[in-house]
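Q: Could you take me through one part of this protein slowly, as I am new to it? I would like to look closely at its aromatic side chains and what lies around them.

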Amino acid sequence: EFSPTSSTLTVFSITEPLTSPTRGNIGTAVTFTCTAQFHADLTVPEVSWLNGDSATQETHEALVVAEDSSTIQSKLPITISLENDNSVYKCVITYSGLATHAGKSLETSTIVIMNKIVTSSPDAPVQVFATDSATLSCLATAAPGVDMKWRKKAADYTEQNQNYITLIAGQEDYDIETGTRKSILTLTSLMGTDTSDSIECYDDTVGISEVITLEVIGG
């Protein structure tokens with residue numbers, strides 16, 4: 001944080017840091033609030049909001065100056081979506097009234113979508129040779145009780161008869177700091193008949209991951 005000061009003058013300082021990360025489900029409305037104090041005898045600092053290094057497309061609320069003219073507050077309402085997942089929002093306070101005290105201060109918060117499961121290989125087939133092993137992983141962002149399981153469609157699977165084969169995998173401890181849990185599936189001594197386009201990681205409450213395709217070459 002940048003807080004321009006001299007022996008007798010504090011121009012401004014951010015007094016309430018943004019909470020980070022900001023967690024919520026898709027569609028959740030959240031409001032970032034940026035509060036700063038500044039010297040009442042000086043020009044009011046400017047407040048701007050960034051998403052990454054660019055100005056946000058969201059419109060922030062009008063800057064509020066306290067009655068004692070020493071505190072400013074700006075709010076940015078957003079709706080959590082896939083588009084802003086892992087986005088870093090920044091509140092930037094800039095003062096340029098006195099050249100000797102010009103500068104800026106910023107606070108950041110990262111958006112983290114809850115209740116989602118992502119895999120290590122959602123876009124391309126995982127290819128291995130017969131008799132080799134394959135390791136697949138998925139990461140759930142969810143509450144501590146998340147319990148990830150793995151499955152693939154059985155050979156007789158139909159829309160009317162949805163039979164799955166359970167795949168045994170391990171789970172790491174829940175990471176309180178990031179709100180995530182990782183699961184790793186290791187498949188050994190693979191044969192051609194293990195080829196599948198329907199391997200999934202899931203939790204009964206959170207939902208299902210992207211489908212993983214496994215292609216066993218030979219065998």
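**A close look at the aromatic rings**

A: Happy to! Let's start with an arginine: the charged end of Arg151 sits over the ring of Tyr164, 3.9 Å from the ring's centre. That charged end also sits over the ring of Tyr202, here 4.5 Å from the centre. Please keep in mind that this is a predicted model.

Now for rings that pair with one another. Searching the whole structure turns up 3 aromatic pairs. One of them joins Phe32 and Trp49, whose rings are stacked, with 6.3 Å from centre to centre and 20° between the planes. This pair links distant parts of the chain, since Phe32 belongs to strand S3 (residues 29-38) and Trp49 to strand S4, 17 residues apart. Both Phe32 and Trp49 are buried.

Phe32 has another partner, Tyr89: this pair is tilted, at 5.4 Å centre to centre and 40° between the planes. Here too distant parts of the chain are linked, with Phe32 in S3 and Tyr89 in strand S8, 57 residues apart. Tyr89 is buried, as is Phe32. Taken together, Phe32, Trp49 and Tyr89 make up one aromatic cluster.

The strands beneath these rings are worth tracing as well. S4 (residues 46-51) runs antiparallel to S8 (residues 88-95), and 6 bridges join the two. Within S4, Val47 stands opposite Ile93 of S8. S4 is also joined to strand S5 (residues 54-55), by 2 bridges and again antiparallel; in this pairing Leu50 faces Ala55 of S5. The hairpin of S4 and S5 has 2 residues between its strands, and Gly52 takes a positive phi near 70° there.

How does this fit into the whole? The largest nonpolar core has 23 residues, and Trp150, Ile199 and Leu214 touch the most other members. Strands S11 (126-129), S12 (134-141), S16 (180-187), S17 (196-203) and S19 (212-217) each give two or more residues to this core, and S12 provides the largest share, with 4 residues. Apart from it lies another core, of 17 residues, which includes Trp49 along with Ala36, Ile72 and Cys91. In soluble globular proteins, nonpolar side chains tend to be buried together.

Stepping back, the protein has 19 strands and 0 helices. Of its 219 residues, 39% are buried. Among contacts with a separation of 6 or more, 64% are between residues 24 or more positions apart.

Terms used
Residues numbered from 1 in each chain as written. Predicted model: local features only at pLDDT ≥ 70, side-chain atom pairs only at ≥ 80, totals over all residues. Heavy atoms only, no water. Core = buried A, V, L, I, M, F, W, Y, C linked by side-chain atoms within 4.5 Å. Buried < 20%, exposed > 50% of the residue type's maximum accessible area, 1.4 Å probe, protein only. Contact = heavy atoms within 4.5 Å. Pairing = 2+ DSSP bridges. Phe/Tyr/Trp six-rings, centres within 6.5 Å; stacked < 30°, edge-to-face > 60°. Lys NZ or Arg CZ within 6 Å of the ring centre and 35° of its normal.
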